[in-house]
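This report covers the sheet of the model and the residues around it. Please look at the structure first.

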Amino acid sequence: MDDELLKGSILIEDDADEDEPNEWITTFADLSMLLLVFFILLYSMSEIDAKKFDMTFQSVSKSISGKLQKIATSKVSREEAGAILNQVVTRRQIIKAQRKVFEDVKYLQTTKGVEGIMSAKFEDGKITIKLPSDVLFNPGQVQLSKKGRAAVKALKNFFISHPDQYINIKGYTDDTQPSSKSRLKDNWEISSLRAVNVLRYLMKLGIKPNRLTATGLGEMDPLVPNNSKRNRQRNRRVEFVLDKIMTGP
């Protein structure tokens with residue numbers, strides 16, 4: 001009789017354990033989802049930059065460590081996770097498409113008019129084409145020179161054949177300020193007017209104005225330190241930053 005009671009007691013205890021809610025599974029699932037999305041975002045990067053990776057990892061780690069308690073009481077909905085994944089997939093597709101455009105840019109570098117003077121780079125889905133200001137403008141001037149017009153004109157067919165690209169024209173100078181006799185006040189004005197004049201010439205060549213923007217950055221963001229004549233010459237430049245136009249579904 002005692003043995004039967006003991007067995008009955010064990011069965012009751014086992015059933016009680018099975019009925020206990022496993023709330024920790026919800027927290028673990030939410031945390032796993034966040035980590036999955038994080039690593040998908042890392043995979044979507046076209047080029048791993050050590051500094052950017054470290055900053056991103058530290059940011060995510062800090063965010064996760066600071067919100068563990070919140071994760072325990074909240075859930076990531078399927079809609080939210082799906083939206084994040086859709087953004088990652090879309091970004092991946094944009095980078096893939098831009099890589100193909102960049103292949104055409106490499107061919108463009110062999111075009112007469114920009115051969116040997118044009119440089120380009122691809123980073124984070126954006127394409128940057130660089131032309132030296134000394135090629136485009138006479139010293140201290142903001143109007144395109146004859147040689148400058150020829151160089152910009154050499155880009156015309158490429159821009160027309162890729163209508164899905166925004167073109168942000170950025171003007172840069174070195175750290176040398178214009179003389180007091182110049183009608184131009186400072187490097188901000190020089191870089192801005194040069195960018196605008198390049199934009200106007202592209203419009204004249206048939207590029208639609210809604211694809212164009214112009215930005216003057218003066219001596220900001222130099223490629224190399226302004227500590228020699230050669231370096232200053234490198235920093236004086238005009239950049240064409242291409243970004244894919246997003247279309248609706």
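Six bridges join strand β2 (residues 126–132) to β5, and the two run antiparallel. Strands pair if DSSP finds at least two bridges between them. Strands (E, at least two residues) and helices (H or I, at least four) are DSSP runs, numbered from the N terminus. β5 also pairs with β3: residues 165–172 and residues 237–244 are antiparallel over eight bridges.

This is a predicted model, in which local features need pLDDT of at least 70 and side-chain atom pairs count only at pLDDT 80 or more, while totals for chains, interfaces and linings use all residues. Residues are numbered from 1 along each chain as its sequence is written, and side-chain values use heavy atoms, with hydrogens and water left out.

Three bridge partners in β5 are listed here.

| Residue | Partner in β5 |
|---|---|
| K130 | E239 |
| Y166 | D243 |
| Y172 | R237 |

The sheet is open and has five strands, in the order β1-β2-β5-β3-β4, with mixed pairing. Which strands stand at the edges? They are β1 (119–123) and β4 (212–216). Each has a single partner strand, so one side of each is left without a neighbour in the sheet. On average, neighbouring strands are turned by 20 degrees against each other, direction ignored. Axes here are lines fitted to C-alpha atoms, for helices over the stretch in contact, and angles run from 0 to 180 degrees between N-to-C directions.

Helix α9 (residues 187–204) lies across β3, β4 and β5. The helix runs at about 165 degrees to β4. β5 is mostly covered, with six of its eight residues buried. Buried means under 20% relative accessible area, exposed over 50%, and partly exposed in between (1.4 Å probe, protein chains only).

S133 belongs to helix α6 (residues 133–136). Is S133 buried or exposed? S133 counts as buried because its relative accessibility is 1%. Contact means heavy atoms within 4.5 Å. Leaving aside neighbours within four places in sequence, S133 is in contact with Y172, R194, R236, R237 and V238. Of these contacts, Y172 and R237 stand opposite each other in the β3 and β5 pairing.

Now the confidence. pLDDT is the predictor's confidence in each residue, from 0 to 100. The protein averages 81, and 70% of the residues score at least 70. Over residues 5–19, pLDDT stays under 50. For that stretch the model has zero contacts beyond four places in sequence.
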